[in-house]
Amino acid sequence: AVAYSAAAPGAAGGGRSVEDVSAEAAAAAPTAAARGPRVFLGYRVASDAALVERLYYMLKAEGVEVWWDRKCLQPGQPWEDGFADGLFGSTIFVPVLSRAGLSNFGELKDDSPCDNVWLEHLLALEQQARGEIQAIFPVFVGELYKSGNFSNYYETKGTPQFKHDVT
């Protein structure tokens, strides 16, 4: 991953800053108003890819235009440029926030490389402040059970109801 040198917690020295990525993407991508509604799916690949894939296909089946990295990144395109283009061309940000996906935030230190999920959230909030992102709809997800179902994020308070059933 490219290190970002902005005031981002955990940003290592060198690389392009958050401001650089933001300015480049804003200049290159059509404005959200010009594109019409489009949903950007933000998530942690290691823990939430299968769930986001299901969400992507559900939204597409309803006729929603969706930006998902696995379908929309161009071959050979640097991830940072691709996700910035996708985010800056979207009007709705849907971060998938699972317990597993959020666990990395507690491990960030001052010298950690910039966390890509954190960067997506930061840029989405910046775009919302500029009026480019019209809405942010977080999806909170509990533990994944072997059955393929998820626990209620709030009711379980971080403790699975059936510990033997958690993957």
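Q: If pLDDT is the predictor's confidence in each residue, from 0 to 100, what value does the protein chain average?
A: This is a predicted model, in which local features need pLDDT of at least 70, side-chain atom pairs count only at pLDDT 80 or more, and totals for chains, interfaces and linings use all residues. Residues are numbered from 1 along each chain as its sequence is written, while side-chain values use heavy atoms and leave out hydrogens and water. Of the residues in the protein chain, 60% score at least 70, and the average pLDDT is 73.

Q: How many contacts beyond four places in sequence does the model have for residues 1–18?
A: A contact means heavy atoms within 4.5 Å. Over residues 158–167 pLDDT stays under 50, and the model has 21 such contacts for them beyond four places in sequence. Over residues 1–18 pLDDT also stays under 50, and here the number of contacts beyond four places in sequence is 49.

Q: In what pattern do the helices and strands follow one another along the sequence?
A: Helices (DSSP runs of H or I, at least four residues) and strands (DSSP runs of E, at least two) are numbered from the N terminus. The protein chain has seven helices and five strands. Read along the sequence, they give the pattern α-α-β-α-β-α-α-β-α-α-β-β.

Q: Which element gives the most residues to the largest nonpolar core?
A: A nonpolar core is a set of buried Ala, Val, Leu, Ile, Met, Phe, Trp, Tyr and Cys residues joined through side-chain atoms within 4.5 Å, where buried means under 20% relative accessible area, exposed over 50% and partly exposed in between, with a 1.4 Å probe and protein chains only. The largest core has 12 residues, among them V39, L51, W68 and V141. Two or more of its residues come from each of β1 (39–42), α3 (45–61) and β3 (92–98). With four residues, the element that gives the most is α3.

Q: Beyond its neighbours within four places in sequence, which residues are in contact with V39?
A: V39 is itself one of the residues in the largest nonpolar core. Leaving aside the neighbours within four places in sequence, its contacts are with L59, V64, E65, V66, W67, S90, I92 and V94.

Q: Why does A84 count as buried?
A: A84 is found in helix α5, residues 79–88. Its C-alpha is 8.1 Å from that of E120, although the two are 36 residues apart in sequence. A84 counts as buried because its relative accessibility is 1%.
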